Amino acid sequence: MADLRPNPPNKMTDRSPAENHAGGQRLTAMLPHQAVNWSALRQDFPILDQQVHGHPLIYFDNAATSQKPRMVLDALLHYYERDNANVHRGIHELSNRATAAFEAARVRAAKFLNARSADEIIFTRGTTEGINLVAAAWGPKFIQRGDKILLTEMEHHSNIVPWQLLAERTGAQLAFLPINGDRGLLDPGRLDEFLTSDVKLLAMTHISNSLGTINPVAEYCERARRRGIVTLIDAAQSAGHGPLDVQEIGCDFLAFSAHKMCGPTGFGVLYGRGERLAETPPYQGGGEMILSVDFQQSTWKPAPHRFEAGTPDISGAIALHAAMDYLDGIGRGNIAHHDQELGAYAFEQLSALPGIRLFGPTMGRAGLVSFLLDGIHAHDVVTVADRSGVALRGGHHCNQPLMKRLGVESTARASFYFYNTTAEIDRFVEVIREIQMFFGK
Ligand code: PMP
């Protein structure tokens, strides 16, 4: 882990935290921003030190997946070099070590989320599988014909399609909390209108991957819960970008992916409140999740093992453990602050350009910006930016309904993480200007 000695003062760290509650939300109460040597942290990420098409890599595709620090790569390598064995089965030394490390990751994830117990932590393949698990296992038992599942207009396909499948199976309906146009904010004042007696579930994103909106999820969960509505939070874009406390949020379920927070791909966590998991039947059948199996029927283990059929991704859990330690070593409050400063800085710099349409809140936004340049397709922006070493993303970002709502097909997106710098944003803005000129704009 890099030395975290304070940085010399710079443009970003010097700025007092903006009083920017007017737009979206902050991920943290405004904790004092501790000095972190952000540029030293970059050295923990070997991948960042390379040239792309003859230019230093500027990696601004962190909302799609983050890069991995040496500490996480080392944890993976160590596991496969020293401890690899199947878990919960053997009674030999390596199996015991692998099992201990796998279960230690569960305890660590519970601590990371401030869950009441490690039994509330289910290991999954990622956010998508976590949501599918709830929709496929909890859903059919508790959602019936005539019930409503309430989502928002800014949901990722992962938090829409599983509910559409459930609605098809059960005859339930989907409803959507509206956003206020390009600024992409929900209106808490209208929530009661949507929390009707037929709503059984509220499933919403914490941070929008296209808009950068930070939703006040604790307030939404509290108001839903008062009416007996079960809540699920998609924390794909917030886990690893700031403190995350399931008790403070008050949700019933919360899903995230390891790969967006310095961990490995194909791994994630579903938090489920104890009472909810106790009433939820199995998701998949197979080894590991049973107490006993007969030719005709079987009995299940309690949560979380009931939901983890088959050999799990053991190395994934171990690497996620390392990622959580790494992030907490920096301080998630510090990361949230830094991320949001980068988001605000980029938004401000891009706003000064001619011929640009920016999406998402003007203030209180997460560390990402989505935009369109007049007369230039988002894919062209991304393709040309890549020639200058700038990795962006262009497309619908798995937000097709949101894109329809905004009246666009796609956007270009730059998404930041704590290892990014204002100097990179300055270069990116210069590249955007060059692209406009290249296309004669
Ligand atoms: N929800 C949101 C808000 C996301 O940004 C993403 C990833 N783009 C997902 C869900 C799905 O995550 P994964 O593909 O890791 O399951």
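1. In the class counts used here, Ala, Val, Leu, Ile, Met, Phe, Trp, Tyr, Cys and Pro are taken as nonpolar, Asp, Glu, Lys and Arg as charged, and the others, Gly among them, as polar. On that basis the lining of the second largest pocket comprises 5 nonpolar, 12 polar and 5 charged residues. The structure under comment is a predicted model.

2. The volume of this second largest pocket is about 320 Å³. The pocket is lined by 22 residues, of which Ala63, Ala64, His156, Gln237 and Lys260 are the closest to its centre.

3. The surroundings of the ligand deserve separate comment. The residues around the ligand are Thr127, Thr128, His156, Ser158, Thr205, Asn209, Asp234, Ala236, Gln237, Ser257, His259 and Lys260. His156, Gln237 and Lys260 thus appear both in this list and among the residues closest to the centre of the second largest pocket.

4. Three side chains may be noted for their polar atoms. Glutamine 237 places a polar side-chain atom 2.7 Å from an oxygen atom of the ligand. For serine 257, an N or O atom of the side chain is 2.7 Å from a ligand oxygen atom. Histidine 259 likewise has a polar side-chain atom at 2.7 Å from an oxygen atom of the ligand.

5. With regard to enclosed space, the model contains 2 cavities of 30 Å³ or more. The largest cavity holds about 100 Å³ of space. It is lined by 14 residues, and those closest to its centre are Gln237, His241, Asp339, Ala366 and Gly367. The lining of the largest cavity divides into 7 nonpolar, 6 polar and 1 charged residues. Gln237 therefore deserves attention, for a cavity and a pocket are both lined by residues having an atom within 4 Å of a grid point: Gln237 is listed for the largest cavity and for the second largest pocket.

6. The second largest cavity contains about 30 Å³ of space. Its lining consists of His88, Phe102, Glu288, His305, Glu308, Gly310 and Pro312. By class, these are 2 nonpolar, 3 polar and 2 charged residues.

7. Turning to the strands, β5 (residues 148-152) pairs with β6 (residues 173-177) in the parallel sense, over 5 bridges. Within this pair, lysine 148 has glutamine 173 of β6 as its bridge partner. Between β5 and β6 the chain passes through helix α6 (residues 161-170), and the resulting β-α-β crossover is right-handed.

8. Strand β11 (residues 290-293) and β12 run antiparallel and are joined by 3 bridges. Serine 292 has threonine 299, in β12, as its bridge partner. The two strands β11 and β12 form a hairpin, with 4 residues between them.

9. Two features of the backbone should be inspected. The peptide bond between alanine 303 and proline 304 is cis, with omega at about 0 degrees. Proline 304 is located in the loop between β12 (298-300) and α11 (314-330). Asparagine 114, although not a glycine, has a positive phi of about 55 degrees. This asparagine 114 belongs to the loop between α4 (93-113) and β4 (121-124).

Note on methods: Residues are numbered from 1 along each chain as its sequence is written. This is a predicted model: local features need pLDDT of at least 70, side-chain atom pairs count only at pLDDT 80 or more; totals for chains, interfaces and linings use all residues. Side-chain values use heavy atoms; hydrogens and water are left out. On a 1 Å grid over the protein atoms alone, a cavity is a set of points where a 1.4 Å probe fits but cannot get out, and a pocket is an open set with protein on both sides within 12 Å along at least five of seven lines; lining residues have an atom within 4 Å of a point. Grid points are joined across faces, edges and corners, and a volume is the space filled by probe spheres set on the points. Two strands pair if DSSP finds at least two bridges between them. A crossover is right-handed if, with the strands pointing away from the viewer, the path from the first strand over the helix to the second runs clockwise. A residue is near a molecule or strand if one of its heavy atoms lies within 4 Å of it. A polar contact is a pair of N or O atoms within 3.5 Å; within protein, one must be able to donate a hydrogen and the other to accept it, and residues adjacent in sequence count only if both atoms are side-chain atoms.
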